[in-house]
Amino acid sequence: MFSRTLSLYFGMHFAKMVGAIFIASFLLITVITYIEFFNRAFVGDAALGLDLAVLALFRVPRVAEDALPFAVLYGSIAAFVVANRRLEVVVARAAGVSAWQFLIPACIVSLLFGIVGTTIYNPAAARLKSISNNITADVFYHRRGPVEPTDGGVWLRQSSDGLQSIIGSAGSFDEGLGLTGVTVYVYNDGGQFLERIDSPRGHYYPGAWRFENAIITSLKATPRVAEVYQLPTDLTPNEVKGTFLGLGSVSFWKLRELARAARRAGVPAARFELEYHQLLSRPILLLAMVLVAANVSLRFSRSWDTGRMIIAGVAVGFMLYVVMKIASDLGRGGIVPPPLAAWLPAVVATLVGVTVLLHLEDG
């Protein structure tokens, strides 16, 4: 039987290493995010500098969430290497403790990190991201475009009242109903171009889009500025949210509801389903990271081979990340079912890690 005291010791040692690396990553991302905001928007106003600090602080938790698997990977490697250097692994094995018993505390802690990260950390980070989007729209909407990095441009085609229009947005707020950095191309039913609308901020209301401080450019007139420009629309709120709502500001607990609403509205729901299953599979992904770290750093070594093993672990981690990104793109595009795209990389990596450990430890 594995000693309870030894289990707690190894578990606490693993948790401290992972926590330290995650906190270091969090602080580094905070500094980089603030510097980027500062370079993009600061104009010598101290109050604006404080707003930028708040925006950076509110956005970092959601960005840092993507670094959690790597924090677990690097923390696991560091914990196992330190345990080897202190001869703790050697002593534990001499006492009859197998590698599997040694890994149990780390595996349990990684699963707990995944569960807490999905059910508690993600909703909190999504809420802060949503608040930061609203602050950005309220404070910086009068600028030419969004002052912070966005999730990427999103475009939507609509038709209403004899007009066809293509609406593009660099960012969103208010659960996707508000847009920033808006560009609209308006055509008649025959496909003839009528005008272009550029607005720093717009909002959806039932029956119409409302764009503020819009610059209207057409072929037959000089550009003019309108404080408020209304564009008719037949879109429903669910259709708008299904297109413009950024997943970074959506809580894990709301994803399934949004997916069902998107399907009812006839909007593709693959991205909501994919995000839901990726968060649901996160504990298994973190478990796979622990097993990858164990394969490359658990064996005792005093030589420079340890450095090569650590580099191998980092390379395997990035390889898994690339595979996950490819699977994610396939799932988001509807080529692969979202549950399969989300679960397959984590499950396969876990099974490979277990297989390699069985070969190395049990022959």
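Does Ser165 count as buried or exposed, and at what relative accessibility? Ser165 counts as buried, because its relative accessibility is 3%, under the 20% that sets the limit. The model in which this residue is placed is a predicted one.

## Overall make-up

Eleven helices and six strands make up the secondary structure of the protein. The chain has 363 residues, and 46% of them count as buried. The exposed surface of the protein comes to about 18,000 Å², with 65% of it supplied by carbon and sulfur atoms.

Contacts across the sequence can also be described by their separation. Taking contacts between residues at least 6 apart in sequence, 65% join residues at least 24 apart.

## Strand β2 and Ser165

Ser165 belongs to strand β2, which covers residues 163–173. Neighbours within four places in sequence are set aside here; beyond them, Ser165 is in contact with Leu156, Arg157 and Gln158, with Val184, Tyr185 and Val186, and with Leu231.

Strand β2 also appears in the surroundings of helix α6 (residues 237–244). In α6, the buried residues are Val240, Gly242, Thr243 and Phe244. These buried residues pack against strands β1 (154–160), β2, β3 (178–188), β4 (193–205) and β5, and against helix α8.

## Strand β5 and Asn213

Strand β5 spans residues 208–218 and contains Asn213. The phi angle of Asn213 is near 50°, a positive value in a residue that is not glycine. Most residues other than glycine have a negative phi.

Which exposure class does Asn213 fall into? Asn213 is partly exposed, because its relative accessible area is 34%, and that class lies between 20% and 50%.

## Helix α8 and Gln278

Helix α8, one of the elements that the buried residues of α6 pack against, runs over residues 270–280. Eight of the eleven residues of α8 are buried, so this helix is mostly covered. The buried residues are Ala270, Arg271, Phe272, Leu274, Glu275, Tyr276, His277 and Leu279.

Gln278 lies in the same helix, α8, but is partly exposed, with a relative accessible area of 24%. Not counting residues up to four places away in sequence, Gln278 touches Ser328 and Ala342. The C-alpha atoms of Gln278 and Pro339 are 8.0 Å apart, with these positions 61 residues apart in sequence numbering.

## Helix α9 and its crossing with α3

Helix α9 (residues 282–297) has 16 residues. From its first C-alpha to its last, α9 reaches 22 Å, close to the 22 Å expected at 1.5 Å a residue. Of the 16 residues in α9, 15 are buried, and the helix is mostly covered.

How do the axes of α3 and α9 cross, and within what distance do they come? The axis of α3 (residues 68–85) comes within 8 Å of the axis of α9, and the two cross at roughly 35°. The crossing is right-handed. On the α3 side, the contact is made by Leu68, Pro69, Val72, Leu73, Ser76, Ile77, Phe80, Val81 and Asn84. On the α9 side, it is made by Arg282, Leu285, Leu286, Met289, Val290, Val292, Ala293, Ala294, Val296 and Ser297. By class, this contact has 15 nonpolar residues, three polar ones and one charged one.

## Helix α11 and Val348

Val348 sits in helix α11, which covers residues 338–362. Val348 is partly exposed, because its relative accessible area is 40%. In sequence Val348 is 60 residues from Ala288, while the C-alpha atoms of these two residues are separated by 8.6 Å.

## Helices α1 and α5

Thr30 is found in helix α1 (residues 4–41). Why does Thr30 count as buried? Its relative accessibility is 19%, and the class requires a value under 20%. Thr30 and Leu57 are 27 residues apart in sequence, and their C-alpha atoms lie 6.5 Å apart in space.

Phe102 is found in helix α5 (residues 99–140). At 6% relative accessibility, Phe102 counts as buried. Measuring from C-alpha to C-alpha, Phe102 and Val89 are 8.0 Å apart in space and 13 residues apart in sequence.

Technical notes:
Residues numbered from 1 in each chain as written. Predicted model: local features only at pLDDT ≥ 70, side-chain atom pairs only at ≥ 80, totals over all residues. Heavy atoms only, no water. Helix = DSSP H or I, 4+ residues; strand = E, 2+ residues; numbered from the N terminus. Buried < 20%, exposed > 50% of the residue type's maximum accessible area, 1.4 Å probe, protein only. Contact = heavy atoms within 4.5 Å. Areas by Shrake-Rupley, 256 points an atom, 1.4 Å probe, with all protein chains shown as cover. Expected span 1.5 Å × (residues − 1). Axes fitted to C-alpha atoms, helices over the stretch in contact; angles between N-to-C directions. Left-handed = near helix turned anticlockwise from the far one by under 90°. Nonpolar A, V, L, I, M, F, W, Y, C, P; charged D, E, K, R; others polar.
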